[in-house]
Amino acid sequence: MARVYSDVNEGLGPGWYDYGPYITPPSYRFLSHLPEDVERLHIDWSEPDRYEIIRRVGGGKYSEVFEGIDMTNEETCIIKVLKPVSKKKIKREIKILRNLTGGPNVVSLLNVVHDPISRSNSLIMEYVSNVDWKDLYPTFTELEIKHYMFQLLKALDFVHSRGIMHRDVKPGNVMYDRENRKLRLIDWGLAEFYHPGTEYHIRVGSRYYKGPELLVGYKKYDYSLDMWSVGCMLASMLFGREHFFRGRDNEDQLVRIIKVLGTDTFERYLEKYSLFIRTDNGALLDRCVTPGNPQFASVFILVGAFAYLYQHSYPKIPWARFITAASENRTNVSHEAIDLLDKLLRYDHWERVTAAEAMAHAYFNNVRLETTSKSTE
Ligand SMILES: CN1CCn2c1nc1c(Br)c(Br)c(Br)c(Br)c12
Ligand code: NA
C-alpha cells in the first residue's frame with residue numbers, strides 16, 4: 001500500500017478534489033476508477049487540417065512526433081501521431097492527459113485530431129523548446145540540477161496526488177527548455193491508476209530506470225516506483241554518468257544495483273516482501289512460484305543474479321565514492337545532494353521519499369522559495 005495518496009482512486013466521496021490551485025470537478029475522479037468508461041469517453045476528433053507539420057522531432061514504438069503550427073493562432077505545437085495501436089491505448093492516454101492537463105510541469109494536451117486520409121489519430125501538445133538531455137546533463141550547473149529536479153518532483157507529486165503512476169520516468173521523457181527553465185513531463189502512454197493491492201505488469205519502464213520491484217517481480221508496486229527512476233536521474237547528473245545503473249539486460253540491471261546498494265539490505269528486502277526465503281542450506285526459494293507460474297522466469301532472473309552474487313556478498317558502496325574528478329570540477333556534489341540521493345535509491349519502495357518529501361529536502365532550500373514565487377506569476 002502506498003504511503004501516500006492511496007485512496008484517491010477509491011471511494012465515491014462527493015466534493016471537489018483539490019490540489020492547491022488545481023481544482024478539478026468530481027467527474028475526473030470518477031473517470032479514474034471506471035475503466036470501462038474508456039469506451040464511453042467521448043472524444044471530439046476536431047479538424048486535422050488545422051495543423052501544419054514543420055519537422056519530425058522524434059518517434060518511438062507507438063508514435064511519430066513532429067513540431068507543428070496551429071494555423072488558427074500561428075502557435076508552435078507538438079503533433080504526436082499515434083501509430084495504429086489499439087484504440088483503447090489511445091483513449092487511456094487521452095483520459096490520463098485530460099485528467100492531468102493544467103497541472104504543474106505536466107505537458108498540456110491541447111487537442112485530439114483524427115485524420116481521415118491517413119486514418120491516424122494525433123495528440124496536439126503544448127510545445128517545449130527542448131534541449132536534448134544528452135547535451136544538457138554534462139553542462140548542468142548545481143543550481144540548474146536543483147531547478148530541473150524540483151520541477152520534476154512537482155510534476156510527480158501532482159500526478160501521484162491524482163492517483164496516477166507515470167511508470168516510465170527517464171531523461172527522454174522530461175522536456176526541458178533551459179533558457180526559460182521550463183520542465184514538462186511527457187509520454188503518458190504507460191501511466192496507470194494506482195489502486196492499493198492491485199498487481200501490475202512488471203515489464204514496464206526503461207531498463208536503466210527500472211525499480212528493483214520490477215526486477216524482482218514484485219507486482220504490488222505504487223507511486224514510489226517513479227521515485228526510484230528520479231534517483232537514477234539525479235545520480236547520473238551528480239556523478240556525470242549518462243546512465244547510473246547501466247545493465248545489459250534485466251538480470252544484469254539488478255546485479256548493477258546490488259553491487260552499489262549491497263547484498264545485506266537486498267536480502268532483507270526480499271524477506272520483507274516474502275519474495276524469497278532462505279532455506280536452511282542457504283538456497284533461495286520463492287514462496288509462491290512453481291514452474292507452472294508465469295513468474296517463474298523472473299525467479300530465475302533473481303536466483304540467477306543472486307546465485308551469481310551469493311558467492312561474493314557485496315557491501316554498500318558509499319555514494320561519495322562516485323564523485324569523480326569529472327563531476328567534481330563541473331558541479332560540487334553537496335552533502336545535501338548525496339543525502340537526498342540516498343533517500344531515493346532504496347530497494348524498499350516503502351522507504352523511498354515521496355515527491356513531496358523530496359521537495360521539502362534541504363537540497364532545494366535556495367530554489368524552493370524562488371520557484372514558488374515564480375509559479376504564481
Ligand atoms: C523526441 N522529441 C524531441 C522533442 N520532443 C520529442 N518528443 C516530444 C513530445 Br512526445 C512532446 Br509532448 C514534446 Br512537448 C516535445 Br518538445 C517532444
Ligand atoms: Na506525450
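In this predicted model, the largest pocket takes up a volume of about 1300 Å³. Its lining is made of 44 residues, and Gly59, Gly172, Asn173, Ile186 and Asp187 are the ones that sit nearest the centre. Quite a few elements chip in with two or more residues each: the strands S3 (51-59), S4 (63-70), S5 (75-82), S7 (120-126) and S9 (174-177), plus the helices H3 (87-100) and H4 (133-136). Strand S3 gives the largest share, at four residues. As for chemistry, the pocket lining splits into 20 nonpolar, twelve polar and twelve charged residues.

Zooming out to the whole chain, the fold is built from 14 helices and 13 strands. The chain runs to 377 residues, and 53% of them count as buried. Looking at contacts with a separation of 6 or more, 66% turn out to be between residues 24 or more positions apart. On the outside, the accessible surface of the chain adds up to about 17500 Å², with carbon and sulfur atoms accounting for 55% of that.

Then there are the cysteines. The structure has zero disulfides. Two cysteines can be placed by their accessibility. Cys77 shows a relative accessibility of 2%, so this residue counts as buried, the cut-off being under 20%. Cys232 has a relative accessible area of 0%, and therefore it is buried as well.

Terms used. Residues are numbered from 1 along each chain as its sequence is written. Chains are lettered from A and ligands numbered from 1 in the order in which they are written. This is a predicted model: local features need pLDDT of at least 70, side-chain atom pairs count only at pLDDT 80 or more; totals for chains, interfaces and linings use all residues. Side-chain values use heavy atoms; hydrogens and water are left out. On a 1 Å grid over the protein atoms alone, a cavity is a set of points where a 1.4 Å probe fits but cannot get out, and a pocket is an open set with protein on both sides within 12 Å along at least five of seven lines; lining residues have an atom within 4 Å of a point. Grid points are joined across faces, edges and corners, and a volume is the space filled by probe spheres set on the points. Ala, Val, Leu, Ile, Met, Phe, Trp, Tyr, Cys and Pro count as nonpolar, Asp, Glu, Lys and Arg as charged, and the others, Gly among them, as polar. Buried means under 20% relative accessible area, exposed over 50%, partly exposed in between (1.4 Å probe, protein chains only). Contact means heavy atoms within 4.5 Å. Accessible areas come from the Shrake-Rupley method with a 1.4 Å probe; for residues, only the protein chains shown count as cover. A disulfide is a pair of cysteine sulfur atoms within 2.5 Å.
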